[in-house]
Amino acid sequence: MWMLLPMHGEQHYLVGLDLAGRRVVVVGGGTVAQRRLPRLVASGALVEVVSPEVTPAVQGIVDAGGAVWHARRYAEGDLDDAWYVLACTSDPEVNARVTADATARRVFCVRADVAVRGTAVTPAVGEHDGLLLGVLAGGQHKRSAAVRDGLLAALRDGSLGDQHDQPAGVALVGGGPGDPDLITVRGRRLLARADVVVADRLAPQELLDELPPHVEVVDAAKIPYGRAATQDFINTTLVDNAKAGRFVVRLKGGDPYVFGRGFEELIACAEAGVPVTVVPGVTSAFGVPALADVPVTHRGVAHEVVVVSGHVAPDDPRSLVDWSALARLRGTVVILMGVERADAFAAALLAGRPGDTPVSVIQEGSTRAQRVVRSTLDALAADVVAHGVRPPAIIVVGPVAGLAAELPVRP
């Protein structure tokens, strides 16, 4: 556990409590209790909530077996055999009574409304790779939270050194749809500890510029209808570097398992005895439409969403897609890698969908170069040509693609 204390104004003694299997009483079932309960439950504490009412989130924790709820007001004897107490009600008199009862029993008590009148305080807490960080700032909650967040960010991006065991093998990391801020926290942390990065063309390129000079970057780009690294080359690069003792991050765009051949690479590593960590990413199939005001599902509009690879045409014998079935569906179809064959896909869907079905085409989604073409199914092919749409682009077909037109003008 990390401890950070200001030089002045903080007299608390920061300590880690082992609450596993021990009774903890939370008096109050509102939003403060809602924030505190998950970590208490995760610690293994035997949590009991005393409150006439609780929020839906607290109710969910109770229903899941994480806590016991006594649906009544606080009463004498509620703190018997307790190891730790939190007074979280909206009534200062009740909180004062709980604190006094806990103090009489020599049980530490957090008083949420007036922290200085309790016998314990809750620090700003965060977790990172086995570390538990707690920050106190003499009651300056915004300051302690800001310092906590800064420490976590520095640990996650590698700017604050951490001598924890170096990961081994290969990590298949989904980098998200393109914006470097959309990679997951875990993905960014593993990237900061890589010895070798095997990067796709659609992986967030700005992240590569942040790597230390010693990190080897291998270009595994697959340019549509152009130069491409073979899958055998990529597999061999992953396995050989991992067997040489280097930690390898395979950085992909989107999610490794959504048309990213990630499972092929996992198989190659598994056959070679190389351990693999899989880090899911925000798939462009859902993330890019969202950033273009296209929800792939919407209540009363779409009850299904189908993601389709557009790397082969509907009439190609290699195609595994039942396009006639897709044409009959009423929901959303998201086509990836489909720009070059937009006319063929539109024709296949027009066999069962009306020509005025809304379509949105989003090019280079989530990046500074993002642009959106709003069209209809019968005009899709012509609009793709007229607007010079080029890969990478996402095609979204269905009523949800027209919802953006209903939005009011936003500041």
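This is a guided tour of one predicted model, moving from helix pairs to nonpolar cores and then to a few single residues.

Because the model is predicted, local features are described where pLDDT is at least 70 and side-chain atom pairs count only at pLDDT 80 or more, while totals for chains, interfaces and linings use all residues. Residues are numbered from 1 along each chain as its sequence is written, and side-chain values use heavy atoms, with hydrogens and water left out.

**First stop: α1 and α2**

Select residues 31-42, which form helix α1, together with residues 56-63, which form helix α2; helices here are DSSP runs of H or I with at least four residues, strands are runs of E with at least two, and both are numbered from the N terminus. The two helices pack at an angle of about 25°, with their axes 9 Å apart, the axes being lines fitted to C-alpha atoms over the stretch in contact and the angles running from 0 to 180 degrees between N-to-C directions. That angle makes α1 roughly parallel to α2, since angles under 35 degrees count as roughly parallel, over 145 as roughly antiparallel, 65 to 115 as roughly perpendicular and the rest as oblique. Show the side chains of Ala33, Gln34, Leu37, Pro38 and Val41 in α1, which meet Ala57, Val58 and Ile61 in α2, where contact means heavy atoms within 4.5 Å.

**Second stop: α7 and α8**

Move next to α7 (residues 231-243) and α8 (residues 262-271), which pack at an angle of about 45°, again with axes 9 Å apart, and which are therefore oblique to each other. The contact is made by Gln231, Ile234, Asn235, Leu238 and Val239 of α7 and by Glu264, Glu265, Ala268 and Cys269 of α8.

Just before α8, select Arg261, which is found in the loop between β12 (248-252) and α8 and has a positive phi of about 60° although it is not a glycine. Arg261 is partly exposed, with a relative accessible area of 43%; buried means under 20% relative accessible area, exposed over 50%, and partly exposed in between, with a 1.4 Å probe and protein chains only.

**Third stop: the cores**

The largest nonpolar core has 21 residues, and those with the most contacts inside it include Trp323, Val359, Leu380 and Val397; such a core is a set of buried Ala, Val, Leu, Ile, Met, Phe, Trp, Tyr and Cys residues joined through side-chain atoms within 4.5 Å. Among the elements that each supply at least two residues are α10 (323-328), β16 (358-363) and β18 (393-397), while α11 gives the most, with 5 residues. Centre on Val397 and you will find among its contacts Gly331, Val333, Leu349, Pro358 and Leu377, not counting residues up to four places away in sequence. Apart from this core lies another, of 19 residues, among them Ala33, Ala45, Val47 and Val49.

**Last stop: single residues**

Select Leu191 in helix α5 (residues 185-191), which at 4% relative accessibility counts as buried. Leaving aside neighbours within four places in sequence, Leu191 is in contact with Val197, Leu207, Leu211, Val249 and Leu251.

Arg106, in the loop between α3 (92-104) and β6 (109-111), also has a positive phi of about 60° although it is not a glycine, and at 80% relative accessibility Arg106 counts as exposed. Finish at Pro392, in the loop between α12 and β18, where the peptide bond from Pro391 to Pro392 is cis, with omega near -5°. Most residues other than glycine have a negative phi, and most peptide bonds are trans.
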